[in-house]
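Colleague: I am new to reading protein models, and I would love a slow, close look at one part of this one. Could you walk me through the inside of the annotated domain and the pieces around it?

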Amino acid sequence: MAVLILTEIAPTDVWFSNLIAQLKQRQPDINLRVWPECGNLEDIEIVLAWQPPLGVMQNLPNLKLIISLGASVDRILVDPNLPDQIPIVRLVSRGKTLQMAQYVILAVLLFQRRFIDDQQLQRSRQWEYLSVPDAISFTVGILGLGFFGSTVATKLAAIGFPVRGWSRNSQQIEGVESFYGDEQFELFLSQCRAIVCVLPVTSETKGILSNETFSALPQGAYLINVGRGKHLVETDLLSALDSGQIAGACLDVFNTEPLPHDHPFWSHPRIIVTPHIAAEGQPDDVADFILETIAIYKTGQPLKYLVERNRGY
């Protein structure tokens, strides 16, 4: 049985080279191959996929399992020739989840404590005291209450923020006021001083961060997007920032990555840009997850974190 790392990122990339080293260190006999050096295609039973080139997996006659190297699988499901009925497992690791929560908490605190305004004052060399809302009056809304979203929500609640969550179906999370479905979406938004998007990309969620959503928020709300770039209508965000409806945004994901050099987000004074690093995952942690998943697969036990293809996550 061979395991193929399927990505267009060069194996010399630091993160991927570290992952390969960690896998071999933990399981020296692993038959690990890196695309395009696939060897005999009939040997490959498992694919580790990150932004995989289209059309490759259909040529693997004995493919039995796909493990996504990211929490989202939209870049796998977009392949029109993806073999049917092959189970897909999405990456959910303790370290990656903790990284995501830490990133969001940092962004929320930067906005709640008005550091983005302090930076503007610093640039103009103004010494001015700004009024700062208490955390208890700064309600944070989480769009998406899956594994990542629920963890972020509970950790924000634990440090004193009122937290609301919105999801497709009803969820019950201690310390979180929950809303669900289209009929409760505007009600969910109505009290949120900041919203955090951790949704998967589906036909229903694409473009959800738009003028319609922004206008339902209190004026001067903040946006944090760690979901996917396709969630955001970029021109709508720029308009909402110009009008003051949105006071600031922290963006880790974009429609085009890397973000083009001439993109207006780079220079906008009220946008924080980070290069898709909110939850990169440490190679040793990811290697543990991969090997645990492979071990479960070999025993024939039910796999964890299986993707429902019809839902897109």
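**A walk through the annotated domain**

Modeller: Happy to! Let us begin with the record: an unreviewed UniProt entry carries the annotation "domain: D-isomer specific 2-hydroxyacid dehydrogenase NAD-binding", and it covers residues 108-278. Please keep in mind that the model we are looking at is predicted. Over residues 108-278, the chain is 27% helix and 19% strand, and the C-alpha atoms at the two ends are 13 Å apart.

Now for the inside. The largest nonpolar core has 32 residues, and the members that touch the most other members are Val108, Ile142, Leu156, Val196 and Val226. Two or more residues of this core come from each of helix H3 (94-112), strand E6 (140-143), helix H5 (147-158), strand E9 (194-197), strand E10 (221-225) and strand E11 (246-251). H3 gives the largest share, with 8 residues.

Val196 is a good place to zoom in. Leaving out residues up to four places away in sequence, Val196 touches Val104, Val108, Val140, Gly141, Ile142, Leu143, Ile224 and Val226. Another core lies apart from this one; it has 29 residues, including Cys197, Ile208, Phe214 and Ala221.

Next, the two helices that we met in the core. H3 has 19 residues, which at 1.5 Å a residue should span 27 Å, and its end C-alpha atoms are indeed 27 Å apart. Many names appear on the list of buried residues in H3, among them Tyr103, Val104, Val108 and Phe111. Just after H3, Arg114 takes a positive phi of about 65°.

H5 has 12 residues and reaches 17 Å from its first C-alpha to its last, close to the expected 16 Å. Its buried residues are Phe148, Gly149, Ser150, Thr151, Val152, Ala153 and Leu156. What covers them includes H3, E6, E7 (163-167) and strand E8 (176-180). Just after H5 comes Gly160, with a positive phi of about 105°.

Let us turn to the aromatic rings. A pair of aromatic rings is described by the distance of the centres and the angle of the planes. A search of the whole structure finds 10 aromatic pairs. In one of them, the rings of Phe138 and Phe161 have centres 6.2 Å apart and planes at 70°, so this pair is edge-to-face. Phe138 sits in the loop between helix H4 (115-123) and E6, while Phe161 sits in the loop between H5 and strand E7, so the pair ties together parts that are 23 residues apart in sequence. Are these two rings buried or exposed? Phe138 has 1% relative accessibility and counts as buried, and Phe161, at 4%, counts as buried too.

Phe138 also pairs with Tyr222: this pair is tilted, with 6.2 Å from centre to centre and 35° between the planes. Because Phe138 is in the loop between H4 and E6 and Tyr222 is in strand E10, the pair ties together parts that are 84 residues apart in sequence. Tyr222 is buried as well, with a relative accessible area of 7%. Put together, ring pairs link Phe111, Phe138, Phe161 and Tyr222 into a cluster. Phe111, you may recall, is one of the buried residues of H3.

What about the cysteines? A disulfide is a covalent bond between the sulfur atoms of two cysteines. The count of disulfides in this model comes to 0. Cys192 shows the reasoning: the closest cysteine sulfur, in Cys197, is 13 Å from the sulfur of Cys192, which is too far for a bond. Cys192 counts as buried, at 0% relative accessibility. Cys38 counts as buried too, at 9% relative accessibility.

Finally, a look beyond the annotated stretch. Asp74 is found in helix H2 (residues 74-77). With a relative accessible area of 15%, Asp74 is buried. Not counting residues up to four places away in sequence, Asp74 touches Val201 and Arg228. Gly300 is found in the segment after helix H9 (283-299), and with a relative accessible area of 62% Gly300 is exposed. From C-alpha to C-alpha, Gly300 and Leu77 are 24 Å apart in space, and they are 223 residues apart in sequence.

Methods
Residues numbered from 1 in each chain as written. Predicted model: local features only at pLDDT ≥ 70, side-chain atom pairs only at ≥ 80, totals over all residues. Heavy atoms only, no water. Core = buried A, V, L, I, M, F, W, Y, C linked by side-chain atoms within 4.5 Å. Buried < 20%, exposed > 50% of the residue type's maximum accessible area, 1.4 Å probe, protein only. Helix = DSSP H or I, 4+ residues; strand = E, 2+ residues; numbered from the N terminus. Contact = heavy atoms within 4.5 Å. Phe/Tyr/Trp six-rings, centres within 6.5 Å; stacked < 30°, edge-to-face > 60°. Expected span 1.5 Å × (residues − 1). Disulfide = S-S within 2.5 Å. UniProt positions renumbered as here; feature names shortened; annotations may be inferred.
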